[in-house]
Amino acid sequence: MSAWRRLWRRTDLDRQLDAELQDHLDRLTADHLAAGMPEAEARRRARLEFGGVEQVKEASRDARRLTLLDDLARDTRYAVRSLARSPGFTCVAVLSLSLGIGANTALFRVFDGMMIEQLPAAAPADLVAFRWLGPNRGIVGILTYGTVTTSEAVAVRSEPGVHVSGATFSLPVFRALQESSLGFSEIFAAAYGSAVNLSVGGRAELGSSQFVSGNYYQGLGVDASVGRLLTPADDVPGATAVVTLSASYFSRRFGRDETIIGRTVAVNGVAATIVGVEPPGLHSIGRVGRPSPDVTLPIAMEAAVRPDMAASTMPAGWWLMVMGRLAPGSTIDGAQASLDPVFRAATGEAGGERPRLVLRPGEHGVYDQPVGTTIPLLAVVFGIVLLLVCINVANLLLSRTETRQAEICTRMAIGASRRRVFRQLLTESVVLAAAGGAAGMVVAYAVTRLLVLFPYLTQAGAPNWRMAAFTGGASLLTGLAFGWVPAVRATLAAAQTFGSVAGRSSRARFGLGGALVVAQVGLSLVLLVGAGLFLRTIANLGSVDTGFRSENVVVFTIDPRFVGLDDHRVTDLYERVRQSLEAQRRVGSASFGTQALLSGTGNWSRLEPEGSSLSLDVATLSVHPTYFDTLEVPVLLGRGLSAADVREAPAVAVINETAARALFPGRHPLGQRFGRRYDELKVEVVGVVPDVAYRSVRERSPAMVFYPHAQEYTTRAQTFIVRTSSDPDEAIPDIREAVLRVNPTLPLQDLTTQRRAERDLLQEEVLFATISTIFGVLALVTAAIGLFGLLSYAVVTRTKEVGIRMALGAGQGTILRAILFEGLALTVGGIVAGLAGALAATRLVESLLFGVSPTDPGTIGAAALVLLGASCAAGYLPAARASRVDPVVALRHGR
Amino acid sequence: VAPPRSDLPQGTLDLLILQVVALGAVHGYGIAQRLQQISRDVLQVQQGSLYPALHRLEHRGYLTASWKASDTGRDAKFYRLTPKGRAQLKEETASWARLTEAIQLVLQAAGSGTR
């Protein structure tokens, strides 16, 4: 500051000021001299009259320095004082603003974490994601595209005219790409492993895993936080088995105990040395926001860790996500052109249509973010909320400026320009919005916790400058949006002469306030219709007949691969667990199968019935003979599965009614046989069960085939279903104990009740219903308050009119009805306007609804009725007050 | 015998300065003298507020200043009104008239009310 001031002193302006003031002093002295004063006295008097020269200089300099910023600072101080004088108004305004801004900040935070955040790697802009694009079937050398799962196909955006786009590669193809590395400094790969059993010092626990190429960390350009990370030397056949831990697993399981480095962990029974810990906050290369798995293993260890399904030993297994780091000077397009021939050569010899390589920027991960409809839908809901908040605060400001009219008039009368007052009022709005934005941070925190419950929206970015900028920008825009109209009105009104205050028409006020109420009602209708549709969807989904009884059922999964059991002992294991469960006091019956019903997943295979040319995709399960009994599913025709259906016995199956109709149209299903693609066996149908809900209650029961467990491949994980005799939650400890008694190292996965598992499938619908109901009710209340305020004000300003009408013979009832009718007219206007909005907005949710159309007249009618009821309630008090007006008093004093 | 002097209501100094300068180019001392003369010695302007006001008005573009030779033989800083300043003067005069009229009305009404 002092350096700046010294500079300032030397300026020309300053010398001019000195000269100007000196000139003034000289003239004053000269006048005194002319009046006959002696010179010394004249100088003394002049100095005395002039006062402090330095103060005058300082004040003059300040006057020049007054800029827009100074005005802004002054306006802000004034705004804060003025808002502090009406704490009630300020509280209500800040609260509603914090709701609107906070909700949107939370959504932006989730959006930012998914769409904007980059992988926490060195120079993420140089990362390139590898994809391929190709026809659906038939590449020479590869049977199919391998393990491309449904969720992956959803995650990868498909392109027009092409059937399949994938983001996973087989090990030979990856090695070919890596060997050539044209245009790249590194090409590296990673694959999610399933859950693995991690046993350290005899204590076993399940953890998530990934398999990576040896240059994975090198490619990402990250360093270990403790010890070392994997290197290419760890990823060669015969290398010592090593693992690295994620930073969060290191602290969660080992409390950041660094002595763990160098110790041995058994991964599914395979001993490996812990060599180091990843840097904190590392994400999986699959997708930004997905945390790095608990343990990372070299691809060379994959066959040992999961011998039954080792993808690395299957040339046709496409399982590796591949990423590259561009070499300095090369471009994505150039790299794609030079690597595509390498890729094509690696995919097969000749013939057929082969996939081609597609390279994309990889800073957000290999997969696209599955935004789906969730984020756009939430953006619509929260946008409406913010709009409602703006309208609400604008309404509050309007009535506030009414009462401040005198103050504004005075300010303008003593010289403040219209623009100045306008800016002042707008500053007040922005200060209000800024306070709302600050309070909105708290709201945002709460709403974020709600949002991450949505499937797919599981990642909220860490707070960063983008979020701060978003909140700041949103607050500023919000402040301008709701402050603009009231400020224009206030300054316009004040610019008229004082004399016209009394004659001001109340019609204009009703016009603008009325329009705001219409908008509020309309937006409320949109939210209420949304809430109604989701509530009905949930009710409909809850009342679907699933074909089995979900009450008092506990489900969990065990996977023998975690304890390294071989085929023979596994079959034995399942039966021993089942019997141990049935021996429990609280357990009625226990069974198991390859999956529970309504688990959200499905398994399909192609069947060909004998004696016809049909070929159908059918849902298949292999189940223990007690499966139907435990789920209380009756056998309609023939028999159920039995203990006699062993591996050596003839192959049999039970099918559901839909399968019977689809596979054997017009024929009696019992005794019919069908063939399968993957073996030569002919399977005989021995029974028919009714249709049961399979993957989700939203879908009609598909054609289903149940194989006896003993005749199917059995080393897979099995899901147990346990029918308890009382509250299933109380039986869970007994169930856990019964399993551990059979094998103490066997982890129970996904232990829950059937009811809870089914409810979890409806998570998204429930969350949308919750959010739209909360905000719908809030919108309803604000609309009602807005209407109440408007009518109250109208009644006050029109007391005289009411008095005249009563003097002319209008009864109390007539007045009451007239005022109520005005409120209802506004509400009906809002409903009509909102209807158009609702019809447009609910199309967005069509795919999430069940058993109800987005234009369901019942729901829309109910929402409209609720609004009409609220408007009657809001209008009643002002109407009643108007009807009690004493005409004599009104005519003498009213306006 | 000097008449009692009145303090200027806040915000009116700018209006008075603009009015004086509107009569012709004048330096700071001249403005102070002119105000005192025209108001028959009722209004006296302190230099502590005159010069900041002049500089503020110049900064806002209502006044423009130039150094010219003056009667003392030295250069003095003369202020003139800009077109913007003239518009501002008109607006402020009108708003002042409104205010005084309103105050007058209130005073008269209140006066007649006290019977």
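Helix α2 (residues 12-34) of chain A lies across β1, β2 and β3 of chain B. Its direction is about 100 degrees to that of β3(B). A second helix, α3(B), also packs on this sheet, where it touches β2 and β3 of chain B. The direction of α3(B) makes about 55 degrees with that of β3(B). The model is predicted.

**The sheet in chain B**

The sheet is open and has three strands. Their order is β1-β3-β2, and the pairing is antiparallel. Which strands stand at the edges? They are β1 (26-27) and β2 (63-69) of chain B. Each has a single partner strand, so one side of each is left without a neighbour in the sheet. Two bridges join β1(B) to strand β3 (residues 75-81) of chain B. These two strands run antiparallel. V26(B) has Y79(B) in β3(B) as its bridge partner.

**Two helices in chain B**

Helix α3(B), which packs on the sheet, also meets helix α1(B). Here α1 spans residues 12-22 and α3 spans residues 47-59 of chain B. Their axes come within 10 Å and cross at roughly 75 degrees. An angle of 65 to 115 degrees counts as roughly perpendicular, and α1(B) and α3(B) are therefore roughly perpendicular to each other.

Which residues of α1(B) meet α3(B)? They are L13(B), D14(B), I17(B) and L18(B). On the α3(B) side stand S49(B), L50(B), A53(B), L54(B), R56(B) and L57(B). By class, this contact has seven nonpolar, one polar and two charged residues.

The helix directions and crossings compare as follows.

| Pair | Angle |
|---|---|
| α2(A) and β3(B) | about 100 degrees |
| α3(B) and β3(B) | about 55 degrees |
| α1(B) and α3(B) | roughly 75 degrees |

**Chain A**

Chain A has 895 residues, and buried residues make up 50% of them. The chain holds 27 helices and 23 strands. Among its contacts between residues at least 6 apart in sequence, 82% join residues at least 24 apart.

One of its helices is α13 (residues 374-403). At 1.5 Å a residue, its 30 residues should span 44 Å. The end C-alpha atoms are 44 Å apart, which agrees. Is α13(A) largely enclosed or largely open? Of its 30 residues, 22 are buried, so α13(A) is largely enclosed by the rest of the structure.

Another helix of chain A is α16 (residues 465-495), which contains A468(A). This residue is partly exposed, with a relative accessible area of 43%. A468(A) and A438(A) are 30 residues apart in sequence. In space they are 10.0 Å apart, C-alpha to C-alpha.

Methods. Residues numbered from 1 in each chain as written. Chains lettered and ligands numbered in written order. Predicted model: local features only at pLDDT ≥ 70, side-chain atom pairs only at ≥ 80, totals over all residues. Heavy atoms only, no water. Axes fitted to C-alpha atoms, helices over the stretch in contact; angles between N-to-C directions. Helix = DSSP H or I, 4+ residues; strand = E, 2+ residues; numbered from the N terminus. Parallel < 35°, antiparallel > 145°, perpendicular 65-115°, else oblique. Contact = heavy atoms within 4.5 Å. Nonpolar A, V, L, I, M, F, W, Y, C, P; charged D, E, K, R; others polar. Pairing = 2+ DSSP bridges. Expected span 1.5 Å × (residues − 1). Buried < 20%, exposed > 50% of the residue type's maximum accessible area, 1.4 Å probe, protein only.
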